[in-house]
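Visitor: Could you walk me through this protein and explain the words people use for its parts?
Guide: Gladly! Let us look at the picture together.

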Amino acid sequence: MSEPTWKTVKPFQEIIFERTGKIAKITMNRPERHNAFTPVTVSEMIEAFTICRDDNSIGVIILTGAGDKAFSSGGDQGVRGNGGYVGPDHIARLNVLDLQHLIRIIPKPVIAMVKGWSVGGGNILQLVCDLTIAADNAKFGQTGPKVGSFDAGYGSGYLARVIGHKRAKEVWFLNHFYSAEEAYQMNWINKVVPLADVETVTLEWCDEILQKSPTALRFIKAAMNADTDGLAGLQQFGGDATMLFYTTDEGKEGRDAFNEKRKPDFGQFPTFP
Ligand SMILES: CC(C)(COP(=O)(O)OP(=O)(O)OC[C@H]1O[C@@H](n2cnc3c(N)ncnc32)[C@H](O)[C@@H]1OP(=O)(O)O)[C@@H](O)C(=O)NCCC(=O)NCCSC(=O)c1cc(O)c2ccccc2c1O
């Protein structure tokens, strides 16, 4: 595979947002803090993911951290205030929860490419990505109870779905770190590769995914969310069904009949068993 040419999509302060062909890459860029995120880092990621969601020339998204030492070490404890993390607007936020939700509902595959530390809220970000490819230097763990924090949403319930309840409680109660190989054995991540190969392999997976039907992948992702996310997941899945229905002649007949002030003729359309 030839070296990819990454082009900046939009400049940001605390992330790098690039693309090569149909592949977007969002990189948390605070390597001096092991890519710990602030409200600004998170807002920028939300904006970049939203651009990816709307741009139909982007088919798959990679989330990663700058440098080889860390994917992310979670919320920046230096800007943690009273009730959340504080940015330039002086408002305390937990806006990483909005980002987790966005990664879950964006109707395109999101791949976490993990090098080095994947810790705390950073590790929840790799968890909510659809797939995780880790370098052999990656280390995974939750530190919340050590620093007076916890993620009682995806970080615990979804983690328990992915690695099992006993293992998830072990992760949260003991706050140990797990090697990439151990995380792989726990089904926490999809693949472990040598550090030097991690981007090449991630791009190979992206290229394979891009050969597949985007609508099929969209529905598979939404179906799995519906199973794990209850009514919120079903809302997403139902919305996707409505989107498809709007593209049919039957769906358009209802709209056109209303606008033309006539009775709709739904009988002209085939039904299936
Ligand atoms: C990750 C480490 C185990 C790595 O240890 P190591 O010894 O290799 O590196 P250093 O500790 O020397 O780190 C280098 C440098 O980076 C700074 N740094 C690292 N992590 C953070 C951080 N999270 N915040 C701020 N700064 C950080 C470190 O201080 C060093 O700076 P120097 O100036 O001294 O060089 C180890 O770094 C570590 O344990 N880090 C902390 C991990 C952590 O506890 N993260 C926060 C967990 S809580 C969280 O992430 C969280 C966020 C949310 O927004 C939530 C929202 C809703 C619910 C829950 C949330 C939540 O749990």
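Visitor: Which residue in β3 is the bridge partner of Phe17?
Guide: It is Ile26. Keep in mind that this is a predicted model.

Visitor: What makes β2 and β3 count as a pair?
Guide: Pairing asks for at least two bridges between two strands. β2 and β3 (residues 23–28) have six bridges, so they pair, and they do so in the antiparallel sense. The two strands form a hairpin with two residues between them. In that turn, Gly21 has a positive phi of about 55 degrees.

Visitor: How do you know that β1 and β2 pair?
Guide: The cut-off is at least two bridges. Two bridges join β1 (residues 7–8) to β2 (residues 15–20), so the pair qualifies, with the strands running antiparallel. Lys7 stands opposite Arg19 in β2, and a hairpin of six residues joins β1 to β2.

Visitor: Why are β5 and β12 called edge strands?
Guide: Start with the sheet: four strands form an open sheet in the order β5-β9-β11-β12, with mixed pairing. β5 (70–72) and β12 (178–179) each pair on one side only, and that is what the edge strands do here. β5 pairs with β9 (residues 117–119) in the parallel sense over two bridges, and Ser72 stands opposite Ser118 in β9. Helix α3 (residues 121–128) packs on this sheet, touching β5, β9 and β11 (139–141). The direction of α3 makes about 95 degrees with that of β9.

Visitor: Why is Gln126 called buried?
Guide: Buried means under 20% relative accessible area. Gln126, in helix α3, has 1% relative accessibility, so Gln126 counts as buried. Among the residues that Gln126 touches are Phe71, Ser118, Phe140 and Trp188.

Visitor: What makes the link between the side chains of Gln126 and Thr132 a polar contact?
Guide: The distance limit for a pair of N or O atoms is within 3.5 Å. The side chains of Gln126 and Thr132 make their contact at 2.6 Å, so the distance fits the limit.

Visitor: How do you know that helix α2 is mostly covered?
Guide: Seven of the 10 residues of α2 (residues 96–105) are buried. The buried residues include Val96, Leu99, Leu102 and Ile103. They pack against several elements, including α1 (39–54), β4 (60–65), α3 and α9 (214–246).

Methods: Residues numbered from 1 in each chain as written. Predicted model: local features only at pLDDT ≥ 70, side-chain atom pairs only at ≥ 80, totals over all residues. Heavy atoms only, no water. Contact = heavy atoms within 4.5 Å. Axes fitted to C-alpha atoms, helices over the stretch in contact; angles between N-to-C directions. Buried < 20%, exposed > 50% of the residue type's maximum accessible area, 1.4 Å probe, protein only. Polar contact = N/O pair within 3.5 Å; in protein donor to acceptor, adjacent residues only side chain to side chain. Lists of a residue's contacts leave out its neighbours within four places in sequence.
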